[in-house]
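Visitor: Please take me through the inside of this protein, with a close look at its largest nonpolar core. I would like to know which residues touch the most other members there.

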Amino acid sequence: MTQHASHRGEPLDAIDRRIVAELSRDGRLSVRTLAERVHISRTAAHNRVLALQQRGVITGFGAQIDRKAIGLNISALVVVRIGDVSWEEIAAKLATLPFVEKVQAVSGDIDIILTVSAPDHEQLSQAILRDIHDMPGVVSTRSHLILAEIDGRPPAQSLDIWRS
């Protein structure tokens, strides 16, 4: 159990939802600007952000990176079926491989979906065929090149749509 697990699931009030929405749009907002946008004092904004971090609602702040701008010109979703092995164990190993950005457990007739990005087709193929497909415990892989991506709304920006 993580240190934040006991607080997960507690409902956010309207101010916390607005704070989360603002920070999901721009994680670099100053406390002053955040307070102005949410209409609370700077001290209240600071304390609420700290509380949201302690509760595990805000898990970090980071830059959003354009893959192509850093030379990762091709991406794929790799569907993985695993054998009689621990999901956690194989997922941890997959997550350490070069070019693997994300490892997700899924339901249905597959077990894992990976997001993999590489500089070119050759390196992507090597990552999938050599590193992923040949990993002990992997039964099969199926790859789907990502041709285009359009960002939707981050979950935090939709909180007031589904929660009263």
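Guide: In this predicted model, the largest nonpolar core holds 19 residues, and those touching the most other members are Val80, Leu94, Leu114, Val116 and Ile132. A nonpolar core here is a set of buried Ala, Val, Leu, Ile, Met, Phe, Trp, Tyr and Cys residues joined through side-chain atoms within 4.5 Å, and buried means under 20% relative accessible area, with a 1.4 Å probe and protein chains only. The elements that give two or more residues to this core are β1 (74–82), α4 (87–95), β3 (112–118) and α5 (121–132), and of these β1 gives the most, with five residues. Helices (H or I, at least four residues) and strands (E, at least two) are DSSP runs, numbered from the N terminus.

Val116 repays a closer look: leaving aside residues up to four places away in sequence, Val116 touches Ile74, Ser75, Ala76, Val78, Phe99, Val100, Leu124, Ala127 and Ile132, where a contact means heavy atoms within 4.5 Å. Apart from this core there is a second, separate one of 13 residues, which includes Leu23, Leu29, Val49 and Ile58.

Strand β3 also pairs with β2 (residues 100–105), in the antiparallel sense and over five bridges; two strands count as paired if DSSP finds at least two bridges between them. Within this pairing, Lys102 stands opposite Thr115 in β3. The two strands form a hairpin with six residues between them, and in the turn Gly108 has a positive phi of about 100°.

Strands β1 and β2 each supply at least two residues to the lining of the largest pocket. That lining comprises 28 residues, of which Ile65, Arg67, Glu101, Glu149 and Asp151 lie nearest the pocket's centre. A pocket, on a 1 Å grid over the protein atoms alone, is an open set of points where a 1.4 Å probe fits, with protein on both sides within 12 Å along at least five of seven lines, and lining residues have an atom within 4 Å of a point.

As for the whole protein, six helices and four strands follow one another in the pattern α-α-α-β-α-β-β-α-β-α. Of its 164 residues, 31% count as buried.

Residues are numbered from 1 along each chain as its sequence is written. Local features need pLDDT of at least 70 and side-chain atom pairs count only at pLDDT 80 or more, whereas totals for chains, interfaces and linings use all residues, and side-chain values use heavy atoms, with hydrogens and water left out.

How values were computed. Buried means under 20% relative accessible area, exposed over 50%, partly exposed in between (1.4 Å probe, protein chains only).
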